Amino acid sequence: MNVRLNSPRALVAALAAAGVIGAIGAGAYTSAGAVGAPPEPAPAAAAPLVTMPDFSTITSRDGPAVVNISVTGTTKTSMEDMAGIDPDDPALEFFRRFGFGGQIGPRGSQREVPVRGQGSGFIVSPDGVILTNAHVVKDASEVTVKLTDRREFRAKVLGSDAKTDIAVLRIEARNLPTLQLGSTKNLKVGEWVLAIGSPFGFENTVTAGVVSAKGRSLPDDSYVPFIQTDVAVNPGNSGGPLINTRGEVVGINSQIYSRSGGYQGVSFAIPIDVAIQVKDQIVATGKVSHARLGVTVQEVNQAFADSFKLDKPEGALVSNVEKGGPADEAGLRSGDVIRKVDGEPIVSSGDLPALIGQKKPGSRITLDVWRQGEPHEISARLGDAGEKAKAVAKNDAGPGQGKLGLALRPLQPQERREAHVDAGLLVEDAGGPAAVAGVQAGDVLLAINGTPARSVEQVREVAAKSGKSVALLIQREGDRIFIPVRLG
């Protein structure tokens with residue numbers, strides 16, 4: 001009888017039944033047809049299925065609470081700045097002949113220039129309280145808020161805080177949609193986040209990305225431990241919410257790093273924890289107060305860590321203690337390394353002003369300090385940053401310092417040795433033209449217009465005799481740079 005064998009397994013069974021081959025145990029046959037070969041390894045377990053966040057659900061639920069903000073106002077601009085033309089340039093006659101004579105005046109004159117801008121914000125209270133950036137509403141005489149249902153409201157600026165770049169608005173409306181406020185304490189690097197705003201004026205645009213880093217310190221915003229993300233944030237996104245996958249606001253989009261003016265993969269958001277503190281103060285009192293410790297700090301690098309016998313390069317190295325300030329009264333010294341504030345670790349020097357700035361003036365804190373190879377615990381009562389600013393303005397009233405906006409003092413012998421300079425003045429605080437030019441507290445002023453800076457009086461005299469600008473030779477973290485300062 002002819003038997004049709006449809007598979008190799010059937011063939012092997014038939015041969016075994018006929019005695020052609022010996023009986024085989026289960027599993028001796030492999031898919032390759034080999035007899036007696038070891039069994040194939042079990043297939044690898046499948047990787048767990050990764051589910052992407054449902055951004056559409058978050059957007060449809062939270063989008064109506066995000067608003068578009070447009071502002072109008074004026075700012076004073078020097079006539080010399082108009083069109084970048086020097087008032088003595090013969091080309092000015094050309095502009096006057098074609099109707100621009102009213103815009104360009106004599107040297108030193110100023111005019112009010114219209115300011116228009118757009119940004120984003122989000123509603124945090126059903127009765128119309130809105131959070132946004134302070135720079136969005138700066139110099140604004142009129143603020144208009146537009147909702148997703150196309151209704152528009154004139155908004156009142158309840159208050160703003162330039163140090164944290166937070167502003168609080170209110171519109172006359174009721175039963176508005178709101179966003180749920182979260183916290184950054186449990187926010188993880190690599191976590192998905194969503195931004196909603198009005199980039200380039202395109203209202204209610206949604207972009208997504210991940211948290212790139214936490215606790216970033218930027219040179220001009222030492223009070224804020226920024227959240228860095230790769231979310232596409234562009235001009236107009238400022239003031240809009242940064243939302244996690246649970247629909248909670250974890251930050252306010254504030255800044256971008258860009259060489260072109262647009263998105264380049266690096267954006268920064270203000271932690272919502274900071275924003276809530278500022279909002280609560282503004283709603284309650286209309287203003288914001290920040291604490292100060294009265295120290296100048298710098299980064300602890302590996303060389304410092306080795307010198308101070310630290311196990312790792314972390315903390316804030318105290319380079320200067322303000323005489324009579326809170327740190328001085330608490331007993332802090334130059335050379336101390338602050339490692340914790342109330343148990344919160346200080347990893348980089350920028351963490352310290354960010355933590356201190358969020359405290360209330362007058363509150364008492366505990367500092368974990370490393371001094372001469374040993375740990376110490378120091379208690380300090382914080383001062384008011386506003387009072388410090390007033391004191392600097394008062395002390396800065398001389399003809400030289402007043403023009404520059406610098407609070408200066410001579411370097412101590414130890415500071416001169418550490419800076420490797422024979423002379424110089426420490427910048428304790430910077431404001432006015434010097435701050436605009438980029439001079440920072442902690443810089444060492446070495447010279448002004450080529451004249452060595454040996455005393456505060458000498459700097460005042462040189463600045464008083466200068467014209468529209470002065471050249472400052474600054475030493476910062478071992479580097480020397482010239483900074484031109486245009487005087488007011």
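Trainee: What makes the 25 residues around Phe122 and Ile270 the largest nonpolar core?

Mentor: In this predicted model, a nonpolar core is a set of buried residues such as Ile, Leu and Phe, joined through side-chain atoms within 4.5 Å. The largest such set has 25 residues, and Phe122, Leu131, Ile166, Ile252, Ile270 and Ile272 touch the most other members. Several elements supply at least two residues each, including β3 (129–132), β6 (166–170) and β12 (248–256). α4 gives the most, with 5 residues.

Trainee: Why is the set with Leu425 and Val427 called another core?

Mentor: Because a core is held together by side-chain atoms within 4.5 Å, a set lying apart is counted separately. That set has 20 residues, among them Leu425, Val427, Ala434 and Ala463.

Trainee: How do you know that Ile270 touches Asn133 and Phe226?

Mentor: Contact means heavy atoms within 4.5 Å, so each listed partner meets that cut-off. Leaving out residues up to four places away in sequence, the partners of Ile270 include Asn133, Asp165, Ile166, Val224, Phe226 and Ile252.

Trainee: What makes the space by Thr184 and Gln358 a pocket, and which residues line it?

Mentor: A pocket is an open set of grid points, whereas in a cavity the probe cannot get out; the space is therefore open. This second largest pocket has a volume of about 550 Å³. Its lining has 18 residues, of which Thr184, Pro225, Glu344, Leu355 and Gln358 lie nearest the centre.

Trainee: How is that lining divided by residue type?

Mentor: The lining has 8 nonpolar, 5 polar and 5 charged residues. Pro225 and Leu355 are lining residues, and Pro and Leu count as nonpolar.

Technical notes: Residues are numbered from 1 along each chain as its sequence is written. This is a predicted model: local features need pLDDT of at least 70, side-chain atom pairs count only at pLDDT 80 or more; totals for chains, interfaces and linings use all residues. Side-chain values use heavy atoms; hydrogens and water are left out. On a 1 Å grid over the protein atoms alone, a cavity is a set of points where a 1.4 Å probe fits but cannot get out, and a pocket is an open set with protein on both sides within 12 Å along at least five of seven lines; lining residues have an atom within 4 Å of a point. Grid points are joined across faces, edges and corners, and a volume is the space filled by probe spheres set on the points. Buried means under 20% relative accessible area, exposed over 50%, partly exposed in between (1.4 Å probe, protein chains only). Helices (H or I, at least four residues) and strands (E, at least two) are DSSP runs, numbered from the N terminus.
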